[in-house]
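Got your viewer ready? Load the model, switch on a cartoon view, and follow along one selection at a time.

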Amino acid sequence: MADETAHNRAIITVLGSDRSGIVAAVTGALAEHDANILDISQTILQGTFTMTMLVDLKSANVDFAALQKQLNDLQQQLKVQITMQREEVFNFMYRL
């Protein structure tokens, strides 16, 4: 059950120069595909914007790769770095 939950969830990170519209654009893309944001954290440190989200993709109307491509396209428009990893991969990479 826990493995199935982790497989349906993703960690999305956004990093770049702060400007208006970043949160709206990223969350709008997720909402468009019925991805549910479970947790979100954002901060601005001396003009650098960072945001991390835990997203549930179980009800998403596109597959992981299609959403990842859309976010890749969005990062070009916003001039920020957006990465999306499955939660299970993220946890494996950053385990202590």
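Before you click anything, one term: two residues are in contact when they have heavy atoms within 4.5 Å of each other. You are looking at a predicted model, where local features need pLDDT of at least 70 and side-chain atom pairs count only at pLDDT 80 or more, while totals for chains, interfaces and linings use all residues. Residues are numbered from 1 along each chain as its sequence is written, and side-chain values use heavy atoms, with hydrogens and water left out.

**The whole chain**

Start with everything shown. The protein has four helices and four strands, and along the sequence they run α-β-α-β-β-α-β-α. Helices here are DSSP runs of H or I with at least four residues, strands are runs of E with at least two, and both are numbered from the N terminus. Next, colour by accessibility: buried means under 20% relative accessible area, exposed means over 50%, and partly exposed is in between, using a 1.4 Å probe and protein chains only. Of the 96 residues, 31% count as buried. Among contacts with a separation of 6 or more, 68% are between residues 24 or more positions apart.

**Stop 1: Ile22**

Select Ile22, which is found in helix 2. Is Ile22 buried or exposed? With 2% relative accessibility, Ile22 is buried. Skip its neighbours within four places in sequence, and Ile22 is in contact with Val14, Ser17, Phe49, Leu78 and Val80. Try the distance tool on Leu78: the two C-alphas are 6.9 Å apart, although 56 residues separate Ile22 and Leu78 in sequence.

**Stop 2: helix 2**

Now widen the selection to residues 22-32, which is helix 2. Ile22, Val26, Ala29 and Leu30 are its buried residues. Look down the axis of helix 2 and you'll see why they line one face: they fall within an arc of 100°, taken from the directions between the helix axis and the C-beta atoms. A handy bit of background: an α-helix has 3.6 residues a turn, so residues three or four places apart point the same way. Turned away from the buried side of helix 2 are the exposed Ala24, Ala31 and Glu32. Show the surroundings too: strand 1, strand 2, strand 3, helix 3 and strand 4 are among what covers the buried residues of helix 2. After helix 2 comes Asp34, with a positive phi near 60°.

**Stop 3: helix 3**

Select residues 64-78. Helix 3 has 15 residues and spans 21 Å from first C-alpha to last, close to the 21 Å expected at 1.5 Å a residue; the expected span is 1.5 Å times one less than the number of residues. Which residues of helix 3 are buried? They are Phe64, Leu67, Leu71, Leu74, Gln75 and Leu78. These sit on the same side of helix 3 because they cover an arc of only 105° around the axis. Spin to the other side of helix 3 and you meet Gln76 and Gln77, both exposed. The buried residues of helix 3 pack against strand 1, helix 2 and strand 4.

While Phe64 is on screen, add Arg86: it lies over the face of Phe64, at 4.1 Å from the ring centre. That label requires NZ of Lys or CZ of Arg within 6 Å of the ring centre and within 35 degrees of the ring normal.

**Stop 4: the core**

A nonpolar core is a set of buried Ala, Val, Leu, Ile, Met, Phe, Trp, Tyr and Cys residues joined through side-chain atoms within 4.5 Å. The largest one here has 22 residues, and those with the most contacts inside it are Ile12, Val14, Val26, Leu30, Leu57, Leu71 and Ile82. Strand 1, helix 2, strand 3, helix 3 and strand 4 each supply at least two residues, with helix 3 giving the most, five. Zoom in on Val14: leaving out residues up to four places away, it touches Ile22, Val26, Phe49, Thr50, Met51, Val80, Gln81 and Ile82.

**Stop 5: two loops**

Finish with Gln46, in the loop between strand 2 and strand 3. Gln46 isn't a glycine, yet its phi is positive, about 50°. Gln46 is exposed, at 81% relative accessible area. Then hop to Lys79, in the loop between helix 3 and strand 4. Lys79 is also no glycine, and its phi is positive at about 60°. With 69% relative accessibility, Lys79 counts as exposed.
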